[in-house]
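Here is a short tour of a protein model, with an eye on its core and its aromatic rings. Keep the structure open beside you as you read.

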Amino acid sequence: MAVVWLDDVGADDLELVGGKGASLGELTTAGLPVPPGFVVTANTYRSFIEEAEIDEELFAAMDIDHEDSAELKAAHETARDLITNTPMPEAVRSEILEAYRQIGDGEAFVAVRSSATAEDLPDASFAGQQDTYLNVTEEELLDRVRACWASLFSERAIYYRNRKGFPHEKVDIAVVVQQMVDAEKSGVMFTRHPSTGEKQVIIEAAWGLGEAVVSGTVSPDNYVVNRANGEVETATIADKKTMCIRDSDSGQTVDMEVPNEKRHARVLDESEVGRLVELGELVEDHYETPQDVEWAVYDGEVYMLQSRPITTISEDDMKAKNGESKTSSDNDMLLRGLGASPGIASGRARIVTKLDHLDQVADGDIIVTKMTMPDMVPAMKRAAGIVTDEGGMTSHAAIVSRELGVPAVVGTSTATSTIEDGDVITIDGDKGTIREGEEPEEKQRQPVEDARPKTPVKPMTATEVKVNVSIPEAAERAAATGADGVGLLRIEHMVLTLGKTPERYIEDNSEQEFVDEIISGVREVAEEFYPRPVRVRTLDAPTDEFRQLQGGENEPREHNPMLGYRGIRRGLDNPHIFKLELAAFRRLYELGYDNLEIMFPLVNDAEDVIRAKQYMVEAGIDPDKREWGVMIETPAAALSVGDMANAGIKFASFGTNDLTQYTLAVDRNNEHVAPIYDELHPAVLKLIGDTIETCRELGVKTSICGQAGSKPKMVQFLVDKGISSISANIDAVRDVQHEVKRVEQRLILDSVR
């Protein structure tokens, strides 16, 4: 069966009809006003590419560097040509056309909308990446269905799936065919504020079809409704220059200028706002989560065209309103727009009117453009903030900015003409304001994206709480803890899974394949946590662990490997492998993973740091621009941290397992002395406390990534001393967060008593 009807499917049919189809079916069966239609199933797409034998070539074309715009474009064009130039099977053609003739009078205009199986999910929204075609007739229908299939491999879709770690071969696409609503007015509605989670209904409305609102080509009216009393708190009436309509002669969707009498007129009256709020509450109650709804009005009736979860509201936002941040006076106000992505950012404005201007956007700049497009995403990742002339809360700029955690103000109308290239400006993504000049750094705020928390609400703490990750496969679970980043990612576990020592692996394969293995493992974790920092420790496997691998017979035999040939001492003595590790880091930085931090293990003194730093420079890594530091695992390192700070380290992280055994002369693998192994021994705590104090004086961050960081007594000591971050085991992150918050609150109370 190639097609199914909307009233026969629901939320449980995601794999069959995709996110959009499942949502529309759910709304239909719930009795909400949804235009009739059917879905060309995801199974039909899968059968199409497999029976035509284009699937392997299609997926192979996706093996690209998604940060390279040229490679993205080539992959998209290859996929489009493969799909659109392959004939559709006759049986599928017949079934689609037969279903179409049952809609309306058999000659209806329909909307043909992509519905991928990895969009509109509760924990991720990839909506808008695939194509939608409006006012389609029978003559065009089959070509539009294939165009929707091909749009599964749009440049933006390829980029997002790569970045989110969704395998291309595991994502299918269905196509919704639905009777068109020849909308007189349309737009979107959020049943809660999409940035702050407040109990407000946000409605955006424009004349004509909703495509102009969703695409961001028009700045819509914006209505903010208090859900407690149903009153419209604010109604921002925009200058609506264009509208999207169906041309009565050709039947095609066209853009036209809004008649003068409507440009500044209010789109929705009170009764229409009230009806939308009523429907929005019904939808939210049905799904039991805040919704992003597309709607249209025709002949006095409101129709629901789509509903998806709002994925940009954190659990903390759902519990309480965001605090108001202090702002400057209106004297330096340049413009107002819609606060589309929360946070405050200052930087130099870069006016982007052409794609080749994107190369001029440096880290920390603020992009000012008419409206953003998918090709701009790599530059948006570098930017401190985004400002657009056009668009609303569902424009490309708004959606991508919220997902990247970049403050954004959209719909300003005149930003590109009012602001000069190079001007220093401050944008407030909460209030929708743009001011002259720079905000003090301590007042700038960028939101930390909550990466799909699966545990209770994350406590907010000044001390960062990170997580330890041993293997890339644990990245998703680690990210679900709500940790502030990764405090320790161990390279040696990736290498040990190869089953060969690094030297043997390179001998049997190549240096490049060894580098690629490191890149693959680190990238998986960096991607899952982006933009939160991921601190990666270079190779630190004792010789007895290497000896168990192929090639291990060449490893030195040591009486106590824990005291021997490992960590940075091995890397500096035989730098061949160490240089390849650094080459992997350089490539990862080139791929855009600027959240990576390099950490060197088992250093003793500044000489070790200086030599490691020189190898970084030789590998093409700028020590002044990247975050890098050392493990404090020996008393020598603790006592030498001041000299290491002067040598350039940005952070120092305590490895309490080694620091304890080296301080107390206790082999942690020796059962006979295990009872006297104690990370809370006064001598160990003194080394840690003194190191934190020295680093604070010298502006070096401190952290702990040993197992002791998960113990409440150690947490209390560290927070008292002023440590920058604590990295805990995956299963202890939430407990540590609560303990840190408790200690911080006690310190605040003590300071005012």
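## The largest core

Let's start inside this predicted model. Its largest nonpolar core has 89 residues, and the members that touch the most others are F600 and M644. If you select F600 and set aside neighbours within four places in sequence, you will find contacts with T538, I568, F578, L582, A612, M616, W628, G629, V630 and M631. Another core lies apart from the largest one; this second core has 47 residues, including F38, A61, Y100 and V171.

F600 has a relative accessibility of 1%, so this residue counts as buried, the cut-off being under 20%. F578, one of the contacts of F600, is likewise buried, with a relative accessible area of 2%.

## The protein as a whole

Stepping back, the protein has 753 residues, and 56% of them are buried. Its secondary structure comprises 28 helices and 29 strands. Among contacts with a separation of 6 or more, 67% join residues that are 24 or more positions apart.

On the outside, about 31,400 Å² is exposed, and 46% of that area comes from carbon and sulfur atoms.

## Aromatic pairs

How many aromatic pairs does the structure hold? There are eight. One of them joins F59 and F153, with 6.5 Å from centre to centre and 55° between the planes, a tilted arrangement. F59 belongs to helix α3 (residues 55-60), while F153 sits in the loop between α6 (138-150) and α7 (155-164), so the pair ties together parts that are 94 residues apart in sequence. Both F59 and F153 are buried.

Why is the pair of F578 and F600 edge-to-face? The ring centres are 5.8 Å apart and the planes meet at 65°; because edge-to-face applies to angles over 60 degrees, this pair qualifies. F578 lies in helix α21 (residues 575-590) and F600 in strand β25 (residues 596-600), so that distant parts of the chain, 22 residues apart, are linked. These two rings also belong to one aromatic cluster, together with Y615 and W628.

## Charges over rings

Two arginines are worth a look as well. R535 places its charged end over the ring of F651, at 3.5 Å from the ring centre. R626 lies over the face of Y589, and here the distance to the ring centre is 4.0 Å.

Terms used: Residues are numbered from 1 along each chain as its sequence is written. This is a predicted model: local features need pLDDT of at least 70, side-chain atom pairs count only at pLDDT 80 or more; totals for chains, interfaces and linings use all residues. Side-chain values use heavy atoms; hydrogens and water are left out. Helices (H or I, at least four residues) and strands (E, at least two) are DSSP runs, numbered from the N terminus. Buried means under 20% relative accessible area, exposed over 50%, partly exposed in between (1.4 Å probe, protein chains only). Contact means heavy atoms within 4.5 Å. Accessible areas come from the Shrake-Rupley method with a 1.4 Å probe; for residues, only the protein chains shown count as cover. A nonpolar core is a set of buried Ala, Val, Leu, Ile, Met, Phe, Trp, Tyr and Cys residues joined through side-chain atoms within 4.5 Å. Rings of Phe, Tyr and Trp (its six-membered ring) pair if their centres lie within 6.5 Å; planes under 30 degrees apart count as stacked, over 60 as edge-to-face and the rest as tilted. A charge sits over a ring if NZ of Lys or CZ of Arg is within 6 Å of the ring centre and within 35 degrees of the ring normal.
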